[in-house]
Each structure stands twice: as structure tokens, then as C-alpha cells.
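Me: I should like to learn how to read a structure of this kind, one feature at a time. May we look at it together?

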Amino acid sequence: MSPHVHPATPPSTLDTTRIDDLRIGAVRPLITPAILQEWLPTPPATQALVEDSRAAISRVLHGRDDRLVVVVGPCSIHDHDQAMDYAQRLKTQADALAGELLVVMRVYFEKPRTTVGWKGYINDPHMDGSFAINEGLELARQLLLDVLALGLPVGTEFLDLLSPQYISDLVSWGAIGARTTESQSHRQLASGLSCPVGFKNGTDGGIKVAADAILAAQAPHAFMGMTKMGQAAIFETRGNQDCHVILRGGKAPNYSAADVQAACDLLRAAGLREQVMIDVSHANSSKQHQRQIDVAAAVGAQIAAGDARIIGVMIESHLNEGRQDIVAGQPLKPGVSVTDACISFEQTVPVLHGLAEAVRARRQR
């Protein structure tokens, strides 16, 4: 029988409840990306900023701009006003150091969990298990628009495969995390994203999975997804030539000159550009937030010594240092991360200035 010829209609509707949706507790309506974008449209000045900052990051990746891309900000966003306070402070530094650093604010809404935990601002904006996802999408888009209105480009991690349709038009740089770099679906997503994308090395520190991911993302793909009108569709991508590796450590840190060399050797063997961004947090700081300052200084020394293969740095930084747990009925301390521990903004400023000085030194060589 041809797959398009349907058998005669059975006398009654088949009961599939014994085999379908057995573990689904509820199905709720989801706003479409098109409606959210109609509610929260992109002003022309914001559109220009996103376009220009993506092009600038691309020039760094292709060796036509010698600035350092610095993705800096909270491990995760949980409060709009605190995020805007941080953004305003960061904008001042970004302007002062614009000759050396291309600063992108880290605005992460989705958090991959090792087991379970708070999944982020989009999934559970009230942090109480109410999972007000429609509201979370609206809050996330509004925050991106507000940060961009200050003149600051934003970067985020793409974890969920549908959420990019709601916010990716506002993102200047995207990351695929260590847990998802090996995922075929995320490589396909990256191949169709309009922004440059960094792939983190695997959680064990393996670089090959990230190199493989870049090769996959550079190729065209066809996959199933959802249009902005909320319709199921097949997407055919053109491939993304603006992808790079992020060294984030693994079983051991991997930010030393020898680690950079090993990563670049592997990239060269794969026929890829020899360049890395270095995440000074996560396993590179051995999960000790203050160690980020020392790691950034060590990376800065390599840049100052002339290493042009280090094209960027990632830093986890919030208004105040440390981290805190989300406890029901207990107020949160302002400006303190609810996921990974961060350095304070006060501690961040000298780190940024040190990296800018390193870029100036690299130019003198």
C-alpha cells in the first residue's frame, strides 16, 4: 500500500490511551515565537547593533580584527533589575576598553543540570516549580531588548532546541555547552544559527568532540523544527562558518600554553582554524570562583607574549561574589548567583583591564 493511501476509517476512534502519553502529566499551550516578536519587536537601532556585533566577532574569528572577545556576566540570569544593574556597569567598561576588547554580556537563561535542579529563567522564572514558561520566554526577550538598548551585545547558551526561535534574533554570540557539544541536534541547530557559535570541549576535557562539532556545524543539514508561526516544519540549513572551540577544562584544567598548542594541533589536523576561546571558570578554575582571576592572568600572559590563537575569554561574574541556594520562603541575597559561584563586578574590572593590557602588549610584538 502507498504510504499516502489511508485504510478505510475504522468504525470507531481507536483508543490509544494504553500506549500513548503514559508518562505525560499535563500538556499546556505555548505562545508562538511570532506572537512574542509582535509583542516585543526589535527596534532598528537594536537590529543594527546585533548585526554589527556579529560581524565584528566574525572578523575576530577570521583574523581580520585583533581584539579579544570577552563573554562576561552571571552564570545564569534570575532577576531582571539585577541583570540590568550589571549590564549598565559592564557597558561603562566595554566602552572604555573597546579598542582592545569586544565585550559581550553573558545572558544565560537555560541551565543544563547534572541530575536535577533549577533549569533557568525561561523554564521556571518564579523559581518555585510553577514552570511559567510562556512568561519566562517573554521576560527573557524583554531583558535581551533592554540590555541591547544600552548598546551592549549579548551571548547565551543554546540548550533547548525550540527556544532559539523566540530569542536568537537578538543574540550576537552563542555557546553549545560541554554536555551538548556531542549532540547531533545541537550541531544541526548551530549550522542554522545566524550568530557565531562556540562549542565547549567535552566534560572529560576532550577537544575532538568540539572539533567534530565544528565540522558538523559547517555543513548543511535538514532537520525537524518549529517555525515562528508555531508550525512543525523541515529546516534546511546552509552551515555556519563562524564556529570555534571553547576550552573549559575537564578532568584537569586546559588553559596553559601546552593545552592551547595541543588543541590547535588537533584543529589543524581537522582542517580547521587554529583558534580557541578560553573559559576561565568551570573546570579551568577547579570550580573555585576566585581562581578565575588567576586563570585570566595566566591567559593574559600568553596573549601578551604574542599568542594570536587565543581569540576570546569567558568569565562568570555577578554584582556580588559567591553563590546561594534557592530555598522556599527564604529571600535571596541581591546580586549573588543561584547557580555557579561568580566573582563580583568589583573583582571583574581589574581582570578586564588586565586582558586589555595583554592585547595592547600583543600588538607591540
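Me: Is Ser-286 buried, partly exposed or exposed?

Reply: The terms rest on relative accessible area: buried means under 20%, exposed over 50%, and partly exposed in between, with a 1.4 Å probe and protein chains only. Ser-286 has a relative accessible area of 38%, and therefore counts as partly exposed. Please note that this is a predicted model, in which local features need pLDDT of at least 70 and side-chain atom pairs count only at pLDDT 80 or more, while totals for chains, interfaces and linings use all residues. Residues are numbered from 1 along each chain as its sequence is written, and side-chain values use heavy atoms, with hydrogens and water left out.

Me: Where is Ser-286 placed, and what is its phi?

Reply: Most residues other than glycine have a negative phi. Ser-286, however, has a positive phi near 50°. Its place is in the loop between strand 9 (276–279) and helix 9 (291–304); helices (H or I, at least four residues) and strands (E, at least two) are DSSP runs, numbered from the N terminus. Asp-21 is also not a glycine and has a positive phi, of about 55°. Asp-21 is found in the segment before helix 1 (33–39).

Me: How does one describe two packed helices, and at what angle do helix 3 and helix 10 cross?

Reply: Two packed helices are described by the angle between their axes and the distance between the axes. Axes are lines fitted to C-alpha atoms, for helices over the stretch in contact, and angles run from 0 to 180 degrees between N-to-C directions. Helix 3 (residues 80–96) and helix 10 (residues 345–364) cross at roughly 20°, and their axes come within 11 Å. The two helices are therefore roughly parallel to each other, a term for angles under 35 degrees, whereas those over 145 count as roughly antiparallel, 65 to 115 as roughly perpendicular and the rest as oblique. Helix 3 passes helix 10 in a right-handed crossing: the near helix is turned clockwise from the far one by less than a right angle, and anticlockwise would be left-handed.

Me: Which residues make the contact between helix 3 and helix 10?

Reply: Contact means heavy atoms within 4.5 Å. Helix 3 contributes Tyr-86, Arg-89, Leu-90 and Gln-93, and helix 10 contributes Phe-345, Thr-348, Val-349, Leu-352 and His-353. By class, this contact of helix 3 with helix 10 has five nonpolar, three polar and one charged residues. In this classification Ala, Val, Leu, Ile, Met, Phe, Trp, Tyr, Cys and Pro count as nonpolar, Asp, Glu, Lys and Arg as charged, and the others, Gly among them, as polar.

Me: How is helix 3 arranged with respect to helix 4?

Reply: The axes of helix 3 and helix 4 (residues 133–149) come within 10 Å and cross at roughly 20°. They are therefore roughly parallel to each other, and their crossing is right-handed. His-80, Ala-83, Met-84 and Ala-87 in helix 3 meet Leu-143, Asp-146 and Val-147 in helix 4. The classes in the contact of helix 3 with helix 4 are five nonpolar, one polar and one charged.

Me: Is Leu-144 buried or exposed?

Reply: Leu-144, which lies in helix 4, counts as buried because its relative accessibility is 1%. Leaving out residues up to four places away in sequence, Leu-144 touches Val-107, Phe-109, Val-154, Ile-167, Leu-170 and Val-171.

Me: What is meant by a nonpolar core, and how many residues has the largest nonpolar core?

Reply: In soluble globular proteins, nonpolar side chains tend to be buried together. A nonpolar core is a set of buried Ala, Val, Leu, Ile, Met, Phe, Trp, Tyr and Cys residues joined through side-chain atoms within 4.5 Å. The largest nonpolar core here has 79 residues, and those with the most contacts inside it are Leu-68, Leu-90, Leu-101, Phe-109, Phe-199 and Ile-315. A second, separate core has 15 residues, including Ala-56, Leu-61, Leu-102 and Ile-246.

Me: By contrast, is Arg-238 buried or exposed?

Reply: Arg-238 counts as exposed, because its relative accessibility is 80%. Arg-238 lies in the loop between strand 7 (232–236) and strand 8 (243–247). Apart from residues up to four places away in sequence, Arg-238 touches Ser-191, Gln-218 and Pro-220. The C-alpha atoms of Arg-238 and Gly-192 are separated by 6.5 Å, with their positions 46 residues apart along the chain.
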